[in-house]
Amino acid sequence: LKPVVDFHNARARDISLLFNENDHPIATYLLEGGSRTNLDLTPIELSYWRDPPGKRRSRHMKSWSELLLRNPFKRFDLHNDSPVLEDFLIANDIQPAYVRPEAWCSRPHEPLSKNLREFLDDYLEFLEQIAYQLSLPQNILERMRSVAAECLKGHLNYAWGLARQLHSNRVRKFLGNCLVGGSPKTIGRVLNHVYLAEGRDVWRFGHGGDRAFFDDKHWGPAELAYCSRYHVFGEGEARALRGKLDRGLLNAAGVSHMECLAGGSPQLMESWRQAHYGNAGKRGSGKKIQFVPGSFLGEAFMVAPDFKTPDPVTADVQAWMVRVLCEAGYEVVVKPHPRGVGLANDLYTRQGAECLDKSIPFQSVEADLYLFDFAGSAFFDSLASDKGVVLADFGNRPFAQENKQDLESRCKIVPFSEDTWNRLRADRSEFLQAVEEALEFEGCPESFARRYFQAAEV
């Protein structure tokens with residue numbers, strides 16, 4: 001709905017929208033109309049069934065062989081990976097069976113149940129009511145409804161079809177004793193439900209420790225549904241998560257009896273020790289800043305704006321930050337995200353920055369300070385370094401108040417807000433002052449490292 005409203009408001013104000021129609025077919029359809037035949041509204045999760053039949057057969061045989069040849073009792077079934085899970089498997093010398101549930105099923109195509117059809121209708125009616133209150137033209141409203149209906153129907157059909165097939169007797173008797181995995185998508189949440197329904201355990205593992213500092217709105221339902229145990233890096237994050245569970249703040253199915261454990265990160269603790277007591281990290285000239293921007297997701301992979309800002313908004317504010325720093329006399333190097341829809345090196349070099357190879361680990365580059373516009377796993381890793389860290393806060397992700405003070409003891413947080421042109425901007429002098437103060441940081445306090453990188457504070 002938000003893109004539709006933005007397109008309509010821009011048109012009403014005679015603002016020209018610059019985008020490539022071939023790169024953004026859904027946006028083009030919503031704005032201009034025309035045929036829907038070229039729109040790919042298939043859920044991303046169904047990409048497995050787009051692979052050649054031979055490749056799918058190979059995955060099918062490999063996945064089933066894992067289940068048939070290994071005794072399910074005391075067997076760990078690995079769905080997908082995460083850094084926290086890798087540490088756990090190594091520490092406990094566990095060799096899991098790698099499961100590919102999409103290879104167990106035919107392509108989901110079963111008709112929706114009556115309840116799901118009613119849910120779909122109610123959701124579309126809710127969207128229409130909002131659109132009506134915003135006075136959207138009827139033609140735009142109809143296009144929005146057709147796209148939303150197709151997308152929602154595809155996701156619901158996919159989840160419903162998988163659930164029906166995975167609950168079948170053919171699959172149930174081959175399940176291992178415990179399902180382990182990182183952040184689940186649709187298929188992972190369905191798997192969680194299947195394993196719990198069959199009396200198995202479901203252990204999920206965080207992607208990194210950054211969630212300790214944020215109260216992301218959709219995180220609980222997306223990551224914790226039907227999970228019997230959740231593993232994180234540090235006791236600081238585990239304690240905060242237990243508190244939210246006790247206060248009923250995590251709106252996710254089946255979490256009322258979930259355990260939350262901290263396993264620690266030997267790798268991060270070793271990085272911290274080396275940076276502060278061993279061979280210190282590579283320093284620059286005293287004014288060298290490494291900018292580690294988040295990825296550009298593109299139209300197909302776009303997520304909710306209250307988690308990550310849309311690509312055009314992000315690109316604009318990234319260019320502004322680099323330009324301000326270069327004009328202030330800082331040497332800026334940009335380490336692009338290794339994934340995403342494409343690289344935007346020109347975006348940074350035009351402002352005076354140098355772009356690095358995306359495959360180079362950001363920790364291996366000489367720098368005096370790290371700058372982030374998104375707090376993901378790379379941001380969390382940087383907190384173990386001996387360098388100053390600056391985080392651009394775009395205001396869309398609320399901080400976890402119980403841990404915000406700890407975060408502020410390690411990095412400078414600069415608030416951004418929308419200006420009259422809907423651009424994200426910070427006060428220029430406040431931004432530069434935060435950089436100067438972060439350059440004076442003496443690394444990561446030991447209390448911080450023990451709280452967020454270790455299983456328990458000692």
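A residue counts as buried when its relative accessible area is under 20%, and as exposed when that area is over 50%. Keep that in mind as we look around this predicted model.

**Rings that pair up**

The structure holds 23 aromatic pairs. Here are two of them:

| Pair | Arrangement | Centre to centre | Angle between planes |
|---|---|---|---|
| W272 and Y277 | edge-to-face | 5.6 Å | 80 degrees |
| W320 and F431 | tilted | 5.7 Å | 35 degrees |

W320 sits in helix α12 (residues 311-327) and F431 in helix α16 (residues 428-439), so this pair ties together parts that are 111 residues apart in sequence. W320 counts as buried because its relative accessibility is 9%, and F431, at 0%, is buried too. The other pair is a mix: W272 is buried at 3%, while Y277 is exposed at 60%.

Ring pairs also link up into a cluster made of F213, F233, F380, F448, Y452 and F453.

**Charges over rings**

Rings have charged company as well. K287 has its charged end over the ring of Y330, 4.6 Å from the centre. K308 lies over the face of F374, at 5.7 Å from the ring centre.

**Empty space inside**

F374 turns up again at the largest cavity, where it is among the residues nearest the centre, along with D373, A392, N396 and R397. That cavity has a volume of about 150 Å³, and 16 residues line it. Eight of these are nonpolar, four polar and four charged. Strand β11 (residues 388-393) gives the most to the lining, with three residues.

**A buried arginine**

R75 is in the loop between α3 (53-69) and β1 (76-78). With a relative accessibility of 3%, R75 counts as buried. Its contacts include E66, A97, F174 and C178.

Terms used. Residues numbered from 1 in each chain as written. Predicted model: local features only at pLDDT ≥ 70, side-chain atom pairs only at ≥ 80, totals over all residues. Heavy atoms only, no water. 1 Å grid on protein atoms, 1.4 Å probe; cavity = no way out; pocket = protein on both sides within 12 Å on 5 of 7 lines; lining within 4 Å. Points joined across faces, edges and corners; volume = space filled by probe spheres on them. Helix = DSSP H or I, 4+ residues; strand = E, 2+ residues; numbered from the N terminus. Nonpolar A, V, L, I, M, F, W, Y, C, P; charged D, E, K, R; others polar. Buried < 20%, exposed > 50% of the residue type's maximum accessible area, 1.4 Å probe, protein only. Contact = heavy atoms within 4.5 Å. Phe/Tyr/Trp six-rings, centres within 6.5 Å; stacked < 30°, edge-to-face > 60°. Lys NZ or Arg CZ within 6 Å of the ring centre and 35° of its normal. Lists of a residue's contacts leave out its neighbours within four places in sequence.
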